[in-house]
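Biologist: I would like to learn how to read the features of a protein model, one kind at a time. Could you take me through them slowly, with the general idea before each case?

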Amino acid sequence: MRMYGAEKLREYIRHHIALASWFAEQLQADERFELMAPPRFGLNDPDSRALFVDVGANFGWFTIIAACIWGTAGIGGHNIDQAIKSDIEKLMVDSVRIQDIVQEDALLMKVDVEGWEWSVIKGADSLLKKYNVKNIVLEYSPGVHERTQDTSTLISSVGLKYRLGYINDNAFTAAIADTDWGHQLPAMPEVTLHNLKYDLYDAINFKDTKMGCPAPKDTKMGCPAPKDTKMGCPAPNVLNSTWGCNLVPEDHNPRSFRSVLGHRGNVWASKEGGSLVLGQPTGIFKLDDPANKYFIDDGAKFGQGHRPCESLTPKVQVRHRCPCTVKAECGAEEEIVKKLAAEGNMPNNYVLG
């Protein structure tokens, strides 16, 4: 954008659409070729035009050309992994609200702004209420919301009559690999309002450093731990040092949307009656699973944060709700957790009404 300018960029795009239209005409005029579908170019055909709003192009082709940079962009650095050493360049840029730019119906709005999606949705409030934005695809970053201001972005969208589907990248990509693009897309797990109540409850506790607290204690193992630690009760060789408070994703409630997310995820929000096909509610557990359940179902492959159980070391398998595979290393820990869960003493096992 900085290289071309807005009008030059429009001219550039129109030029290429004109070339594509000319090429389609040449094919139609030659009996050796057959067009399998009619060409539709929104800028040349007003009747077929549907608005697509792209908020946060990030690594878009023109962005790379214009900026000549490569890296992670973010606001305030809240999305940057502090464990990775890197050079950080700070820039001051103007910001505008989407509702001040777009005042018409849209087929799709894509939002990927490194954890500040809540701010974009807030700035599109009148657009979403007054106009018909049929679909929203946005990135969802657990943790960034809690470190900034808002924890209820998705709940707000449900209130605007959207239904939400979780785009599980691996599962969805595999499902569509053998799918004819002319057919219906496969069903996605639904992110329900009930799932999001757990997310919000966890987010509130996360802010207060109370998520998953107090950490489980077994009084026969020399607990409680010293008050100046946050490790709850790391009983030697039984409840190891992975048992603490506010750990992500381990301490999220297994019925929450966040329980299936690792670093981040993508959500498709569609107005009721749209093309989105939804399956069962998301979450490591079913919404009606009892409060005394701790481990994932037999045959399930993924634990907290959608981490493959088979890839986890025995030291952290139980912490992720995966069954212990090496009893000599985590068998005692597994038995204690089963006992605590049966007694109702696992704080992140709570059930909301």
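The dialogue below goes through disulfides, salt bridges and nonpolar cores in turn.

Modeller: Before we begin, please keep in mind that this is a predicted model, in which local features need pLDDT of at least 70 and side-chain atom pairs count only at pLDDT 80 or more, while totals for chains, interfaces and linings use all residues. Residues are numbered from 1 along each chain as its sequence is written, and side-chain values use heavy atoms, with hydrogens and water left out.

Biologist: Let us start with the cysteines: what is a disulfide, and how many disulfides does the count come to here?

Modeller: A disulfide is a covalent bond that joins the sulfur atoms of two cysteines. In a model it is recognised by distance, as a pair of cysteine sulfur atoms within 2.5 Å, and by this rule the count comes to 3 disulfides. One of them joins C213 and C245, whose sulfur atoms are 2.0 Å apart. This pair links distant parts of the chain, 32 residues apart, although C213 and C245 are each placed in the loop between α9 (193-207) and β6 (265-271). The names α and β stand for helices (H or I, at least four residues) and strands (E, at least two), which are DSSP runs numbered from the N terminus.

Biologist: Which parts of the chain does the pair C309 and C322 link?

Modeller: C309 and C322 form a disulfide with their sulfur atoms 2.0 Å apart. The pair links distant parts of the chain, with C309 in the loop between β7 (278-281) and α10 (314-317) and C322 in the loop between α10 and α11, 13 residues apart. The link of C309 and C322 is left-handed, with -70° about the S-S bond. By contrast, the disulfide of C324 and C330 is right-handed, because the torsion about its S-S bond is about 90°.

Biologist: Are these cysteines buried or exposed, taking C322 as a case?

Modeller: The words rest on relative accessible area: buried means under 20%, exposed over 50%, and partly exposed in between, with a 1.4 Å probe and protein chains only. C322 has a relative accessible area of 0%, so C322 is buried, and C309 is buried as well because its value is 11%. C324 and C330 are also buried. C213, at 23% relative accessibility, counts as partly exposed, and C245 counts as partly exposed at 22%.

Biologist: Now the charged side chains: how many salt bridges does a search of the whole structure find?

Modeller: A salt bridge is a side-chain nitrogen of Lys or Arg within 4 Å of a carboxyl oxygen of Asp or Glu, and a search of the whole structure finds 14 of them. D289 forms one with K293, where the closest N and O atoms are 2.9 Å apart. D289 counts as buried because its relative accessibility is 12%, and K293 counts as buried because its value is 14%. Salt bridges also link K286, D289, K293 and D297 in a network.

Biologist: Where do E335 and K338 lie?

Modeller: Both E335 and K338 lie in helix α11 (residues 327-342), 3 residues apart, which is about one turn of the helix. Their side chains meet in a salt bridge of 3.7 Å, N to O. E335 is partly exposed, with a relative accessible area of 46%, and K338 counts as partly exposed at 40%. Another salt bridge joins the side chains of K339 and E343 at 3.0 Å, N to O.

Biologist: Finally, which residues touch the most other members of the largest nonpolar core?

Modeller: A nonpolar core is a set of buried Ala, Val, Leu, Ile, Met, Phe, Trp, Tyr and Cys residues joined through side-chain atoms within 4.5 Å. The largest one here has 39 residues, of which M109, L128, I136 and F257 touch the most other members. The largest share of this core, 4 residues, comes from β3. Contact means heavy atoms within 4.5 Å, and, not counting residues up to four places away in sequence, L128 touches M109, I121, V133, I136, L160 and Y162. Apart from this core lies another of 11 residues, including F295, C330, V337 and L340.
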